[in-house]
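Me: I would like a close look at one part of this protein. Please take the nonpolar interior and then one site outside the list of its main members. Keep it brisk.

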Amino acid sequence: MAKVLFCLPRFHTNSVPWVRLLREGGHDVIVHVQRSSLAEDHALAVPQLIPAAGWSHTLGRLLPRRSDPDFRAAPPLKAYWQRMKADAPDIVVVRGVTRWFCIVAALMALMQGRRVVVYDQDDPQARSFSGTWIRRSLCRLLGMGRITARAAEAKPTGPSVASTLPFGAPSCSENLAREARHRIAQDAGIGRILMVGKYRARKGHAKLLDALAQLATQRHFTLTICAEEISHADRTRRAALEAKVGALGLTDRVCFIANADRATMAKLYASHAIFVLPSLDEPAAVSPIEAVWHGAVALMDQNSGTRHYLPPNDAFTFDARHHRDIARALDPLLAQPERLRELRGLCLNHLQEFGSDEAVRRVLEREVLGINNIATPVDLHPQSSNCRAT
């Protein structure tokens, strides 16, 4: 069995299914992160915080400012070299090769003779001579694997290609799908809308509120907005949205939930029939995927990075720049219970084919573990149901 080290900025929920499936197969998993968050799930793996070296802080202050404060937070070179040798991973998965921490981790792993896989959230087929194209081509020359969370309509080709590793289900996909189908059959779910997203302008909270205000006189609905609130800026933005809710006359229909843990999020997904992500420039959101696993229909911007996790149907997308188009997509779901039930089932069917535990295992075997022959007798399927308690 293999030992896999993930080197990540933080332990996002999108990494949890991969850790779960690797551990179910008997593999050891270690997670190194640059920062932690209150909303993280440490049930499967407790991430180890890697402090930044003093020299990287000093040099970082001399260079142009970045929106990501940890972008230039490189680990102490000697200490991290010894740390990686002591952990002795067979495979090192790094989150891109732009952050200094991930560059250092990838280079050290190569020098120590370990298999390196680079994970990004860009299109599987990168645009020629773009930054992603150059980085992936270089990774290929150095013998590093390349994976992305995004999917494409057509099979990509060329030196800049990354294989799609789907995010997967937050827990056993078979159990989730069975429970979701029962929920869809029993519950029309009319009017219960959920949005999950940080309080940032590009996430589209305001556009969604404008869309719902347009529908308010004709349709019944409630909206739950769930977000992290970890800074003064977060609380200020929430207050501004609450003021907007009041100005639009939606106070009785909208509620806000802060810093929900994974158990609470699972209950929220299960109790809402419609999930909306009105975000622009969203590389690879995991929240709509989790919502679908719990039986919701998901709607998102037509250019969202996880658009292809949903069926190839315009009913599931909108142009997030225009609140009227968001309202256009929502209206039939609020007006027609059978249409809502039908689209919830279509979403679940498509996701079960694309991102089931079995599908994700196959990609993990090939692209991360480096098992070229899928029939190799590795114990990634410990039970007939493909699920194991961890």
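Reply: What follows starts with the whole chain, goes to the cores, and ends at two single residues.

The model is predicted. The protein holds 13 helices and 13 strands. Its radius of gyration is 21 Å, close to the 21 Å from the globule rule for 390 residues, so the protein is as compact as a globular protein of that length. Along the principal axes, the C-alpha atoms fill a box of roughly 65 × 55 × 40 Å.

Now the interior. Buried residues account for 53% of the 390 residues. Among contacts with a separation of 6 or more, 71% join residues 24 or more positions apart. The largest nonpolar core has 93 residues. Within this core, F6, F167, I193, L223, I274 and L330 touch the most other members. Helix α11, residues 323-335, gives the most to this core: six residues.

Take F6 as the close-up. Leaving out residues up to four places away in sequence, F6 touches W18, V19, L22, V29, I30, V31, H32 and V93.

There is also a second, separate core, with 22 residues. V92, V116, V118 and M144 are among them.

V92 leads on to R114. The C-alpha atoms of R114 and V92 are separated by 7.0 Å, and the two residues are 22 apart along the chain. R114 also touches V92. Its other contacts, again not counting residues up to four places away in sequence, are M84, K85, A88, P89, D90 and A109. R114 sits in the loop between α4 (100-111) and β5 (115-120). Is this arginine buried or exposed? R114 counts as buried, because its relative accessibility is 16% and the cut-off for buried is under 20%.

I134 gives a second case. I134 lies in helix α5, residues 131-141. The relative accessible area of I134 is 47%, so I134 is partly exposed; the exposed class begins over 50%. P159 is 25 residues from I134 along the chain, and their C-alpha atoms are separated by 9.3 Å.

Last, the outside. The protein exposes about 17,300 Å². Carbon and sulfur atoms supply 52% of that area. The charges number 51 positive and 38 negative. The mean positions of these two sets are 5 Å apart.

Methods. Residues are numbered from 1 along each chain as its sequence is written. This is a predicted model: local features need pLDDT of at least 70, side-chain atom pairs count only at pLDDT 80 or more; totals for chains, interfaces and linings use all residues. Side-chain values use heavy atoms; hydrogens and water are left out. Helices (H or I, at least four residues) and strands (E, at least two) are DSSP runs, numbered from the N terminus. The radius of gyration is taken over C-alpha atoms; the globule rule is 2.2 Å times the number of residues to the power 0.38. Buried means under 20% relative accessible area, exposed over 50%, partly exposed in between (1.4 Å probe, protein chains only). Contact means heavy atoms within 4.5 Å. Accessible areas come from the Shrake-Rupley method with a 1.4 Å probe; for residues, only the protein chains shown count as cover. Lys and Arg count as positive and Asp and Glu as negative; His and the chain ends are not counted. The place of a charge is taken as NZ of Lys, CZ of Arg, CG of Asp or CD of Glu. A nonpolar core is a set of buried Ala, Val, Leu, Ile, Met, Phe, Trp, Tyr and Cys residues joined through side-chain atoms within 4.5 Å.
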